[in-house]
Amino acid sequence: MDAYKNKMGLVETIDPEIDKPVFRRPGFEDIKTLGEIDERIAAFIRKAREDKDLTRAELAPLLGLSMQVYGRYERAFSKMHVTRMIHLCEILGFMPMDMLFSAAPHLWGRTPEEARDTMELAQQVVSLPHGTKRDLLALVKKMVALERAADGAAGEMQKGEEGRV
């Protein structure tokens, strides 16, 4: 288990919402509590709603909710289930990765720059026509195979050099 925790970069932490230690991967600004992540998600959905020029009173019925219940999501008072997130994506027109990136960008890369680049690449790919996506997928698969082959060759060369020392 220790090898897995090290491989994944997990560290033991205490979160006020959980009554025992948990393991998390630190972000760029250290470990965010689950409450802080909820607040980032709440800010994201509030902005997504405002960007569509909708009021809470207009959006809530589209989700089958009262304005008060929906408002709890925007205030990070209620936790959102994945099914509700999917429904919000359908109604407000954003991708789940957009919301998740706003809450945990460290999942997209080792540095803020890498995370932003990964997210931008994903957003660009999503916007491509299907035929272009298929061509790009074939190209990326070839690139990955070449990269793995190059890494394997470099590893073999390194082993050979170590054997001669």
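1. A salt bridge here is a side-chain nitrogen of Lys or Arg within 4 Å of a carboxyl oxygen of Asp or Glu. Keep that cut-off in mind for Asp98 in this predicted model. Asp98 is buried but forms no salt bridge: Lys52, the nearest side chain of opposite charge, lies 9.9 Å away.

2. What surrounds Asp98, then? The residue sits in helix α6. Apart from neighbours within four places in sequence, Asp98 is in contact with Phe44, Met119 and Gln123.

3. On to the nonpolar interior. The largest nonpolar core has 18 residues, and those with the most contacts inside it are Ile45, Tyr70, Leu88, Phe94 and Met99. Two or more residues each come from α2 (34–51), α3 (56–62), α4 (67–74), α5 (82–92) and α6 (96–103). The biggest contribution is that of α2, with 5 residues.

4. Phe94 deserves a look in your viewer. Not counting residues up to four places away in sequence, Phe94 touches Phe44, Ala48, Leu88, Cys89 and Met99. There is also a second, separate core of 5 residues, among them Phe101, Trp108, Ala115 and Met119.

5. Helix α4 is a nice one to view end-on. Its buried residues are Tyr70, Gly71, Tyr73 and Glu74. Down the axis of α4 they fall within an arc of 150°, so they line one face of the helix. The elements covering the buried residues of α4 include α2, α3 and α5.

6. One backbone detail to finish: just after α4, Ala76 takes a positive phi of about 60°.

How values were computed:
Residues numbered from 1 in each chain as written. Predicted model: local features only at pLDDT ≥ 70, side-chain atom pairs only at ≥ 80, totals over all residues. Heavy atoms only, no water. Core = buried A, V, L, I, M, F, W, Y, C linked by side-chain atoms within 4.5 Å. Buried < 20%, exposed > 50% of the residue type's maximum accessible area, 1.4 Å probe, protein only. Helix = DSSP H or I, 4+ residues; strand = E, 2+ residues; numbered from the N terminus. Contact = heavy atoms within 4.5 Å. Arc of directions from axis to C-beta. Lys, Arg positive; Asp, Glu negative; His and termini not counted.
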